[in-house]
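Work through the exercises below with the sequence and the model side by side, and try each task before you read its solution.

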Amino acid sequence: MDRKVVVPGDLLSEDAKRSGEGTFVKDGRVYSLLYGLANYRDKINVIPLAGKYIPAPGDNVIGVVKDITFSNWIVDINSPYDGLLHISEFPKRIESDEMSKYLRIGSSIMTRVKDVDPTKKVELTLNDRKLGLIKTGQVVEISHTRVPRLIGKGGSMISMLKKEVNCNIFVGQNGRIWVNGGAEDMDLALRTITLIEKEAHTNGLTDRIVDFLEKEKGARS
Amino acid sequence: MIAMDETDISFFKDGFRLDGRRADQLRPVKIEVGVLARADGSCYIEMGGNKVIAAVYGPREVHPRHLQEVTRAIVRYRYNMASFSVEERKRPGPDRRSYELSKVSREALEPVILTTYFPRSVIDVFVEVLQADAGTRTAGINAAAVALADAGIPMKSMISSCAAGKVADTIVLDPMKEEDNFGQADLPIAMTPSGEITLMQMDGGLTREEFHQAVEMAMKGARDIYEIQRNALVDKYSQLEAPVEEVKACE
């Protein structure tokens, strides 16, 4: 596959129509905007190797409540922009003065980005069955640029991982991952996630992870 | 620039400069990427005797709040010289010179940064000069550009910077301390690899022809530095050449 490390300003193509994510067009030519890996398909995308998480509508994220105002929880979502969770986005109708009964400062929540306006005001929601307060399990943080790799093509990696380590896993697009299961399973899951993050750029990762899990489980029994 | 009687110093010996370079030769450049764990992006550069470290933080929330811009990110650039960076102890803290260099360096980098991607945020660039040997602003800009790329900040292109000077009536590339102190002119520039100049300063005097010659020479130097910057970045992830499956986020 055609792929290489590029730096900002590198010429990628003479065909303006092939401009994808992380690129821009000047005088009918496509250039890279980022330092990252260029991916030559129909469209050329540049996948960054670093950078901050910028929220987009529909993203599942894990946040930590950092303040409570009259009708909003202010949530840190590991981004330059804080999330606002309005009281009406809580699954249950609650009054303003009892907000802290449900979500306190320091509470971790699985939430979804409902909307982002042009000034990057981020609205969050909890209105889904799989969203809500985190009561058990652990949360790990990886770089958000590695999240697509953790999920894998069409969710292949994450569904394999869930099955193999026998854990419940919720992947936040902001790089925070919630893992819940038995103590040993959870430990293995966390170590596997760290490994995926470290080797996110290498070839045939899924196979290697399967091998790694087999070996670890063999050692245990 | 101090006009010293040039009988004291001869800048050339058998056509070579005091450190053995030709007139159009750069000092050795070494660039390391990602040297700081805490920073979002960082770079260490050595250009001859200059040793400079650059750190980039951001985009992040703006403090104090009133500096915030609703439609774009602001860029803050702090050029600072360590007190031990020069022979005679430099009094620590910002001074007239470092304010000016911070401003011109910021303006050299800002045109290529896509600030509109990150409204209401700030991109902080810190440049610390650990050892100075003439041309610290150009070293700082080179390091900052690499650190910005390392931080994953979208830019239209890289920025490379280099100076040319005039000593003993000859145009030279990348003057070192002696040539800068006792030379006749100093002309630092910063530019994109395609040749768009984002910084140009001059002190001393040049004729029109000399000026053109100096700009040409500095631009060539900057292009050479761009290749070194580029290689430093590519090398950091050269083992990364292996494919990453392109995936769309999904549950």
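**Exercise 1.** In this predicted model, determine where B:Pro64 is found and describe the peptide bond that leads to B:Pro64 from B:His63.

*Solution.* Begin with the location: B:Pro64 is found in the loop between β5 and β6 (74-81) of chain B. Next, look at the bond from B:His63 to B:Pro64, which is cis, with omega near -5°. Finally, set beside this the bond from B:Gly58 to B:Pro59, which is cis as well, with omega near 0°, although B:Pro59 is found in strand β5 (residues 50-61) of chain B.

**Exercise 2.** Decide whether A:Asn78 is buried, partly exposed or exposed, and do likewise for B:Asp169.

*Solution.* First place the residues: A:Asn78 is found in the loop between β8 (72-76) and β9 (83-86) of chain A, while B:Asp169 is found in the loop between β8 (160-167) and β9 (170-173) of chain B. Then consider the backbone, where phi of A:Asn78 is positive, near 60°, in a residue other than glycine, and where B:Asp169, also not a glycine, has a positive phi of about 60°. For the last step, recall that a residue is buried with 20 or more other C-beta atoms within 10 Å of its own, and exposed with 12 or fewer. A:Asn78 has 19 C-beta neighbours inside 10 Å and therefore counts as partly exposed, whereas B:Asp169 has 9 such neighbours inside 10 Å and so counts as exposed.

**Exercise 3.** Work out how the buried residues of α1(B) are arranged when they are seen down the axis of the helix.

*Solution.* Start with the helix itself: α1 (residues 96-109) of chain B has 14 residues and reaches 20 Å from its first C-alpha to its last, close to the 20 Å expected at 1.5 Å a residue. Next, list its buried residues, which are B:Leu101, B:Ser102, B:Ser105, B:Arg106, B:Ala108 and B:Leu109. Seen down the axis of α1(B), these buried residues fall within an arc of 155°, so they line one face of the helix. It helps to remember that an α-helix has 3.6 residues a turn, so residues three or four places apart point the same way. The face of α1(B) turned away from the buried side carries the exposed residues B:Arg96, B:Tyr99 and B:Lys103. To finish, ask what the buried residues of α1(B) pack against: their partners are β6, α2 (136-150), β8, β10 (185-191) and β11 (197-200) of chain B.

Note on methods. Residues are numbered from 1 along each chain as its sequence is written. Chains are lettered from A and ligands numbered from 1 in the order in which they are written. This is a predicted model: local features need pLDDT of at least 70, side-chain atom pairs count only at pLDDT 80 or more; totals for chains, interfaces and linings use all residues. Helices (H or I, at least four residues) and strands (E, at least two) are DSSP runs, numbered from the N terminus. The expected span of a helix is 1.5 Å times one less than its number of residues. The arc is that of the directions from the helix axis to the C-beta atoms. Two residues are in contact if their C-beta atoms, placed from the backbone, lie within 7 Å.
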